[in-house]
Amino acid sequence: MILGVMTFSKRGQKTAEDLFEKCKEISPLYYDGDMPREAWIRDKFSYHIPLLFVGATGIAVRLIAPFVEDKLRDSAVIVMDQRGRHVIPLLSGHMGGANEIARNLADRVGTEVILTTATDVEDLFAVDVFARRNGFCICDRAGIRRISQRLLEGEKIRLAIDPAITFFKEDLPEGLHLVEASDGNVDLWIGCNPLDQETDLQLIHKPYVLGMGCKKGKSFEALQTFALEELQKEGIAMDQVAALASIDLKQGEMGLETLACFYHLPFYTYGADDLQEVEGQFSESAFVSHVTGVSNVCERAALACAGQGGRLLVKKQAKDGMTFALAKQIPRIQTWQTNVSK
């Protein structure tokens with residue numbers, strides 16, 4: 001993943017450098033002073049790139065204040081003190097993943113993460129984290145607050161799940177009570193399509209996975225245009241896409257990483273050996289095999305991400321050093337776990 005990093009002292013810079021020596025999977029984008037701080041932050045917010053400030057919380061709050069707009073789209077913001085003793089997820093803890101990023105950073109350096117989101121503090125089900133982790137679209141943002149508030153007040157949430165969605169009933173979190181949609185009294189609906197009755201919140205399955213590859217240095221703008229063009233041909237909107245997938249050689253590839261950040265998509269990468277084991281009929285390329293160790297990246301990555309029962313909908317499409325494939329995954333709940341402290 002990519003992470004914008006701003007420090008305010010030599011000690012803070014050293015702390016950041018030591019941190020990323022232990023977090024090789026993260027590509028830090030350091031603020032280098034070539035532009036005003038506010039312009040740099042505005043740029044990162046425009047692409048929804050997560051930010052780490054190494055310094056005082058107050059400085060971070062003042063700097064990001066003009067750019068905070070939407071809890072479902074804002075960049076994740078994390079603060080770490082200049083000696084790395086505490087890590088604080090400050091903004092977009094759930095949907096932006098700030099809580100998880102902060103936890104991962106803290107675990108790497110053996111320090112303390114300070115969580116303040118109520119559902120995490122009380123060890124309760126967080127419906128927005130659940131939606132992000134399982135690839136569900138949130139239909140009514142106000143419903144997040146309604147569900148969370150009722151759980152915090154000790155109320156039971158009447159949950160109905162589309163029969164088409166696979167899940168493990170025994171893993172159902174405390175506070176959720178399973179009911180039938182036909183009963184007509186549902187607080188939370190998890191389905192493949194909207195439920196035609198009044199609810200507090202509805203989460204709708206996002207069925208598609210993008211598999212993409214590209215030559216080194218391809219821009220976000222080029223990749224975005226290409227992906228949107230191919231999706232439009234299929235009559236599919238980006239908000240129906242659950243994830244972006246590629247080969248592990250593309251970890252840190254700025255264009256792909258930014259594409260994932262911009263649409264708040266998890267970016268999954270797979271080793272060549274793992275991709276080679278994916279079963280199916282693929283568009284083979286001797287050149288791609290020579291460069292990456294596997295004969296096709298985009299199709300295999302899309303299917304690997306789609307998981308068991310997934311199927312390839314769009315075979316490899318290529319344009320100007322970019323490749324695209326689309327897979328459809330079966331509707332399933334992968335995990336009920338939402339508390340990053342576990």
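**Entry 1: R146 and D200**

I started with R146 and D200, whose side chains meet in a salt bridge, 3.7 Å from N to O. This is a predicted model, so I read every value here as computed. I wanted to know which parts of the chain the pair ties together, and I found R146 in helix α7 (residues 142-152) and D200 in the loop between β10 (188-191) and β11 (201-205), parts that are 54 residues apart in sequence. Next I checked cover. R146 has 26% relative accessibility and counts as partly exposed. D200 is down at 15%, so I noted D200 as buried, the cut-off being under 20%.

**Entry 2: R158 and D187**

I looked up another pair, R158 and D187, and their side chains also form a salt bridge, with 2.9 Å from N to O. Where do the two partners sit? R158 is in strand β8 (residues 157-161), while D187 is in the loop between β9 (176-178) and β10, so I wrote this down as a link between distant parts of the chain, 29 residues apart. For R158 I got a relative accessible area of 27%, which is partly exposed. D187 comes out at 4% and counts as buried.

Then I traced shared partners. Salt bridges join D140, R146, R150, E155, R158, D187 and D200 into one network, and both of my pairs, R146 with D200 and R158 with D187, belong to that list. I put the total for the structure in the margin: 18 salt bridges.

**Entry 3: K14 and D18**

I also checked a pair within one helix. K14 forms a salt bridge with D18, and the closest N and O atoms are 2.8 Å apart. Why are these two about one helical turn apart? Because they are 4 residues apart in helix α1 (residues 10-21). K14 is partly exposed at 40% relative accessible area, and D18 is partly exposed too, at 32%.

**Entry 4: residues 40-120 and two positive phi values**

I pulled the UniProt record, an unreviewed entry, and it lists residues 40-120 as "domain: Cobalamin synthesis G N-terminal". In the model I read 37% helix and 20% strand over that stretch, with the end C-alpha atoms 31 Å apart.

I stopped at S92, which has a phi near 55°, a positive value in a residue other than glycine. S92 is in the loop between β5 (86-91) and α4 (98-109). Is S92 buried or exposed? I got 11% relative accessibility, so S92 goes down as buried.

D123 gave me another phi near 55°, again positive and again not a glycine. I placed D123 in the loop between α5 (118-121) and α6 (127-134). At 42% relative accessibility, D123 counts as partly exposed.

**Entry 5: residues 208-327 and a negative patch**

The same kind of lookup in the unreviewed UniProt entry gave "domain: CobE/GbiG C-terminal" for residues 208-327. Here I read 37% helix and 28% strand, and the end C-alpha atoms are 6 Å apart.

Which residues form the negative surface patch? I listed D248, D273, D274 and E277. I followed up on D248 and found this residue in the loop between β13 (241-247) and α9 (254-262). D248 has 35% relative accessibility and counts as partly exposed. Patch residues need over 30% relative accessible area and no salt bridge, so the value for D248 fits the area cut-off.

Note on methods
Residues are numbered from 1 along each chain as its sequence is written. This is a predicted model: local features need pLDDT of at least 70, side-chain atom pairs count only at pLDDT 80 or more; totals for chains, interfaces and linings use all residues. Side-chain values use heavy atoms; hydrogens and water are left out. UniProt positions are given in the numbering used here, feature names are shortened, and annotations may be inferred rather than shown by experiment. Patches are made of residues with over 30% relative accessible area and no salt bridge: like charges are joined within 9 Å, nonpolar side chains (Val, Leu, Ile, Met, Phe, Trp, Tyr) within 5 Å. Accessible areas come from the Shrake-Rupley method with a 1.4 Å probe; for residues, only the protein chains shown count as cover. A salt bridge is a side-chain nitrogen of Lys or Arg within 4 Å of a carboxyl oxygen of Asp or Glu. Lys and Arg count as positive and Asp and Glu as negative; His and the chain ends are not counted. The place of a charge is taken as NZ of Lys, CZ of Arg, CG of Asp or CD of Glu. Buried means under 20% relative accessible area, exposed over 50%, partly exposed in between (1.4 Å probe, protein chains only).
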